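Student: I'd like to walk through a fold with you, one question at a time. Can we start by putting it on the screen?

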Amino acid sequence: MTDQTEIVVHPVSPQGGRKVTVHALGVDADLGRAQTPADVSEFLRRAGLEDVDLSEDGPIRWEGGGPEVWSPRHSG
């Protein structure tokens, strides 16, 4: 992963799940809607970004709560 890569896990949607996006090399990509941290890892693996640290100390920007937040009632 280069310094130009930005990974964002967006807030939980009202329907559940969190949108995962990546900005790399001037291109924005919507990787999908994750239901669990394992989904985030799989989306990133498919995008060629393996072994990404999913913690809040890692390179991911967690919006609306950290990696433990996966339902609307816990996102506020």
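Tutor: What follows is a set of questions and answers on this model, which is a predicted one.

Student: Let's start with the sheet. In what order do the four strands of the open sheet lie?

Tutor: The sheet is open and its pairing is mixed. Strands β3 (27-34) and β4 (60-62) each pair on one side only, so they count as its edges under the rule that a pair needs at least two bridges. Reading across from one edge, the order is β3-β2-β1-β4.

Student: How are neighbouring strands turned against each other on average?

Tutor: Direction is ignored for this one. Averaged over the neighbouring strands of this sheet, the turn is 20°.

Student: In which sense do β1 and β4 pair?

Tutor: In general, strands of a sheet pair through backbone hydrogen bonds, either parallel or antiparallel. Strand β1 covers residues 6-12 and shares three bridges with β4. One partnership there is Val-8 with Arg-61 of β4. The sense of the β1 and β4 pairing is parallel.

Student: How many bridges join β2 to β3?

Tutor: These two strands run antiparallel. As a landmark, Val-20 stands opposite Gly-32 in β3. The bridges joining β2 to β3 number seven.

Student: And which residue of β2 is the bridge partner of Glu-6?

Tutor: Here we look at β1 and β2, which run antiparallel. Five bridges join them. The β2 partner of Glu-6 is His-23.

Student: Which residue takes a positive phi in the hairpin of β1 and β2?

Tutor: That hairpin has five residues between its strands. The phi in question is near 100°, and the residue is Gly-16.

Student: Now the hairpin of β2 and β3, with two residues between the strands: which residue takes a positive phi there?

Tutor: Most residues other than glycine have a negative phi, and most peptide bonds are trans. Here the residue is not a glycine, yet its phi is about 55°. It sits in the loop between β2 and β3, and it is Leu-25.

Student: Is Leu-25 buried or exposed?

Tutor: The cut-off for exposed is over 50% relative accessible area. Leu-25 has 77% relative accessibility, so it counts as exposed.

Student: There's another odd phi between α1 and β4. What is the phi of Asp-51?

Tutor: Asp-51 is in the loop between α1 and β4. At 81% relative accessibility, Asp-51 counts as exposed. Asp-51 is not a glycine, but its phi is positive, at about 60°.

Student: On to the helix. What angle does the direction of α1 make with that of β3?

Tutor: Helix α1 spans residues 37-46 and packs on the sheet. There it touches β1, β2 (18-24), β3 and β4. Its direction makes an angle with that of β3 of about 145°.

Student: How wide is the arc that the buried residues of α1 cover around the axis?

Tutor: The buried residues of α1 are Val-40, Phe-43 and Leu-44. What covers them includes β1, β2, β3 and β4. On the other side of α1, Ala-38 and Arg-46 are exposed. The buried ones lie on the same side of α1 because their arc is only 95°.

Student: Which element supplies the largest share of the largest nonpolar core?

Tutor: In soluble globular proteins, nonpolar side chains tend to be buried together. This core has 14 residues, and those with the most contacts inside it are Ile-7, Val-40, Leu-44, Ile-60 and Trp-62. At least two residues come from each of β1, β2, α1 and β4. The largest share, three residues, comes from α1.

Student: Last one: what geometry does the aromatic pair of Trp-62 and Trp-70 have?

Tutor: The structure holds one aromatic pair. Trp-62 is buried, with a relative accessible area of 11%, and Trp-70 counts as buried at 16%. The ring centres are 6.3 Å apart, with 85° between the planes. Planes over 60 degrees apart fall in one class, so the pair is edge-to-face.

Conventions
Residues numbered from 1 in each chain as written. Predicted model: local features only at pLDDT ≥ 70, side-chain atom pairs only at ≥ 80, totals over all residues. Heavy atoms only, no water. Axes fitted to C-alpha atoms, helices over the stretch in contact; angles between N-to-C directions. Contact = heavy atoms within 4.5 Å. Core = buried A, V, L, I, M, F, W, Y, C linked by side-chain atoms within 4.5 Å. Buried < 20%, exposed > 50% of the residue type's maximum accessible area, 1.4 Å probe, protein only. Arc of directions from axis to C-beta. Phe/Tyr/Trp six-rings, centres within 6.5 Å; stacked < 30°, edge-to-face > 60°.
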